[in-house]
Structures are given as structure tokens and as C-alpha cells.
Amino acid sequence: MRCSLITASLTAAAVLLNPALAASNDTTPMQIRLAYAGSTGMVVSWNTYSKLDRPTVRYGLTPWALTKTASSNVSVTYPTSTTYNNHVTITGLEPDTVYYYQPQNSNSSVPYSFKTSRVPGDHTPYTIAVAVDLGLMGPDGLTTHVGNGASNPLGPNDTNTIQSIEQNLDDIDFLWHPGDIAYADYWLKEEIQGFLPNTTIADGAKVYESLLNQYYDEMTPITSKKPYMATTAAPRTRHTTDRTYTVSICQQGQTNFTGYINHFRMPSPQSKGLGNFWYSFDHGMVHYIQLDTETDLGHGFIAPDEPGGPEGEDAGPFSNLRDAQTNWLQQDLASVDRNKTPWTVVAGHRPWYISASNDSSTICEACREVFEPLFLQYGVDLVLSGHVHAYERNAPIRTFDVDPNELNNPSAPWYITNGAAGHYDGLDTLNYPLQPYARYAQDTAYGWSRLTFHNCTHLTHEFVASRNGTVLDRATLFKDRKCQGNDNSQGQQGQL
């Protein structure tokens, strides 16, 4: 993971590394973030320098009457962290309704707000943002200059991806981030390349935690207003450019997904998933599934970050049950009511259809062999991924073969990889000529995905260039099916 600092001063950075400097303010909430907890619930999470005995959120239907409260006993940390993660689940809310809220000890005079999820069966059109491989922006991350051997800095007048999404915040329902969050684990590479001042390996955890806190601070204008649905990816320092370093230099927050496990609370309790690793949720006409491509693949396959995996980490499996994730996925897909949620969209961090280097650390062939048969069996519409730091929109594919219908009522899933959100390490170079299933690809611009669900038959994907908001690629998927409820579909390709 990694993160960014745009406006914080050196004094503020020192406070991040030394909570004692913030003693008078140590229970003030920061890094506020939301996550759906079913259509009638919301998780409110935030960080403090000190542990809270009973984290509490005040909330209500108007900003001047926060008359209700919700509390928990969840205020957790880990040895190298400088903060505590506080999580409170609010239940019994009305769906598709705006609520106002404040975590305890807030120093904001104006409450925050969120909107609860749309109920399954509500076919009102809406839009979401998807960003993968999103990291640090500003002086300590992706900015207008790079270190020795790095590439792809921002242009002098470029908007970065976090800023771009924030500019479009009123038009999206939530932000989906399928893996690689903050890139704080790039601290060593940034030091080796002369981008950050050198520290000792022993002090690496301080640099890591500083970058991580900066990133979550920078995300707060988005995550305090819109649900931030996330998953994990590789949990430790990598790509140092010096192969003498291994995972052994990493301290606890950088390994075994420790920071991610503590920081988030995804809707696994509501979807019978596992922690923050795999889960699903409904939002209006769409059933969303978040998969874990890093661990617990099952069926005898070793995931990239498990013992013996291609990236050498000792993380997971996290379930005691054999084939836990695959069995959960099959049960979850089988339970989807396609009358209420006609669209099924899946995200996993690592791709398997991509014009990139054909090695196990890039292309997750094991993921394909485990997940693709279920996608085909249950008619998954769209599969999103990242990991490769570029953008490639593919045709719908069935076991390497392009669906002959392309986007006009295909029976195979549509695959899109967009790992171009941006971080210090820049962009990857795609392999040319592109794979025969590729329909549009680019590896020169940072950007994010905008998904618009028009009705039960039409879904549009756009690649938005962060630097200026230009849409570099747009395509619409048509599925020929009957619409119910309040859907206004025309039932014919091209008519929206």
C-alpha cells in the first residue's frame, strides 16, 4: 500500500509519527470512511491517536438533529501503527435515504452525510466510480517529478485521480477500489531512487505508517461522503529495485494484510463472506461480488501471497475450510435474483485476460481456472480487475475465445482491466501486438472507470483520464432481457 500528502506540513508529518505530539487532540476523528452494511445499514469507521473505550456515532435525518446514536467496542490497532481504527455499524436505516452523522469528539461544526444503499429491485439508473491500484499523490508519491529510474510523473497542470473522482463525487453512488491501496509499501523503493530521504530499515515502519496515514487523510473528502468498498492485494514491500531485500525487512503492518484487516469493515456479515477478503452486496439493479485473488483460491491452487505462491509471502489461507471462497462464490451466485438484480458484476485484483507479461505474478491463470467456470455457469455480466498498471477493455470472453456477439447480448462475461489510477511507480507497458480479444488499450494516461447502469439491459463503461476529465474510451454492453419494476428499458440495443 501507499499514500499521499498534498498540503500537510513537516510538523503535521511529525505528529503522524509521534502521537504524543497530538495529546490534546488524540481522540479527534480522522480518516473517516463509510461502507455499505446491507440496504438498511452503514459502517462508519475513523481513526484516532488514542484507543476509544466505546466508539460512538450520532446520526439523524437532518443536520441539526442528530438524535440517534450507535456504538461498538471495536477500537483496534497493531504494534507498528500510530493510530487506532474505530468501527461502528449503524442498522435499521431507511434504504436510499440521506442521513447526517458525526463520530464522537468531532471538531467539525457541520455534520457529514451519507446515502444508504438502493434496495434490490430498484431499477433507477445510477453511476459508480472504480479505481484500482490507487496510491499516494503529492510530494511523497505521484507528483510532477520522480526518482532515479522512475517514470510517468504528472504534468504540471494535471489533476490526479483522487482529485478527479472528488470533482465527480456528486454524480456517483460509491467508490469501488479492488485492491492495491495507498502503496505505502513502496517507501523503500522511493528511498533507493532518491525520491525520499534515506532511513534505516528499522525505521521503515515509521515511513510506511506516515505514507499510509497521509493517503487515508487525502481520501477523507471522498470516503466520508460515499461508501468506499475495497479489497486487498499484495500486502508487503516489493519492487525495491534491490533484490537483496526480501519480505523479512517488513514489520507487522506491512505483512499478512494486517493494515487492511484493521482499517476496513466490509459487508461480509451480511453476505456470509470472509472478513474484508470476499463479500457481496446489492445496490439497486446490480449484485456486486468482491473476490480475493491473493489467498484462498481453493481446488488445490496456491494463490500469489500464500506460502509457496509466486510472490513469496506467507499470508493465508484465511479460512479453515477447504475451497471456502469458491464454495461461497457458487452459493452467492446461485442465490442472485436476476429479476431484482439483473446485473452481476465481479471484481478481483489480478487479471487473467490481459496483454501483459505472461508470468504468474502478472496473469492469474489459477484465478481463471477457479473462477471462470462459475462466471460462465451463472451468467456474470462484467469482470473488473487491475494489478497491471494500464487500461485494457476486452471483448466478452469464454475460455480465451471471443464471444461472437461481442457487446450485443453476449453469453460470456465482459472483461476490463484498469490499474491506471496512479501511484509513485507510474504505469506499466502493455505487450504489443495486443491480445486478439483486446478492443481498446492504453498505457500512457492515469485514469479511473465510470460505470453507468441505465436499466436492466444497458451498461456503459467509460475510462476517464484523470488529468483533465476527458473520456478516452466508452463502450456499452447490451443484454436482451425483460425488465421489471421501475425499469424504463427499451429492450433493444442502442436505445437508452
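In this predicted model, ring pairs join Tyr 36, Tyr 126, Phe 174, Trp 176, Tyr 279, Phe 281, Tyr 288, Trp 343 and Phe 453 into a cluster. One of these residues, Trp 343, also has a charged neighbour: the charged end of Arg 481 sits over its ring, 4.3 Å from the ring centre.

Strand 14, which spans residues 279-283, is a good place to look next. Four of its five residues are buried, so the strand counts as mostly covered. Its partner is strand 15 (residues 286-290), and the two run antiparallel, paired over five bridges. Within this pairing, Ser 280 stands opposite Ile 289 of strand 15. Together the two strands make a hairpin with two residues between them. Gly 284 lies in the turn and has a positive phi of about 65°.

Aromatic pairs deserve a closer look, and the count comes to 34 of them. In one, the rings of Tyr 260 and Phe 264 have centres 5.3 Å apart; their planes meet at 45°, which lies between the limits of 30 and 60 degrees, so the pair is tilted. Both partners are covered: Tyr 260 is buried because its relative accessible area is 1%, under the 20% limit, and Phe 264 is buried too, at 2% relative accessibility. A second pair has another geometry. The ring centres of Tyr 353 and Tyr 415 are 4.9 Å apart, and because their planes stand at 80°, over the limit of 60 degrees, this pair is edge-to-face. It links distant parts of the chain, as its two members are 62 residues apart. Tyr 353 belongs to the loop between strand 16 (343-347) and helix 8 (365-377), while Tyr 415 is part of strand 20 (residues 414-418). Tyr 353 and Tyr 415 are both buried.

Asn 152 offers a further example of a long-range link. This residue is located in the loop between strand 10 (134-135) and helix 2 (161-167). Its relative accessibility is 26%, which falls between the limits of 20% and 50%, so Asn 152 counts as partly exposed. Which residues does Asn 152 touch, leaving aside those up to four places away in sequence? They are Leu 142, Gly 426, Leu 427 and Tyr 446. Although Asn 152 and Gly 426 are 274 residues apart along the chain, their C-alpha atoms are separated by 5.0 Å. For Leu 427, the backbone nitrogen lies 3.0 Å from a polar atom of the Asn 152 side chain.

Notes. Residues numbered from 1 in each chain as written. Predicted model: local features only at pLDDT ≥ 70, side-chain atom pairs only at ≥ 80, totals over all residues. Heavy atoms only, no water. Buried < 20%, exposed > 50% of the residue type's maximum accessible area, 1.4 Å probe, protein only. Contact = heavy atoms within 4.5 Å. Polar contact = N/O pair within 3.5 Å; in protein donor to acceptor, adjacent residues only side chain to side chain. Phe/Tyr/Trp six-rings, centres within 6.5 Å; stacked < 30°, edge-to-face > 60°. Lys NZ or Arg CZ within 6 Å of the ring centre and 35° of its normal. Pairing = 2+ DSSP bridges.
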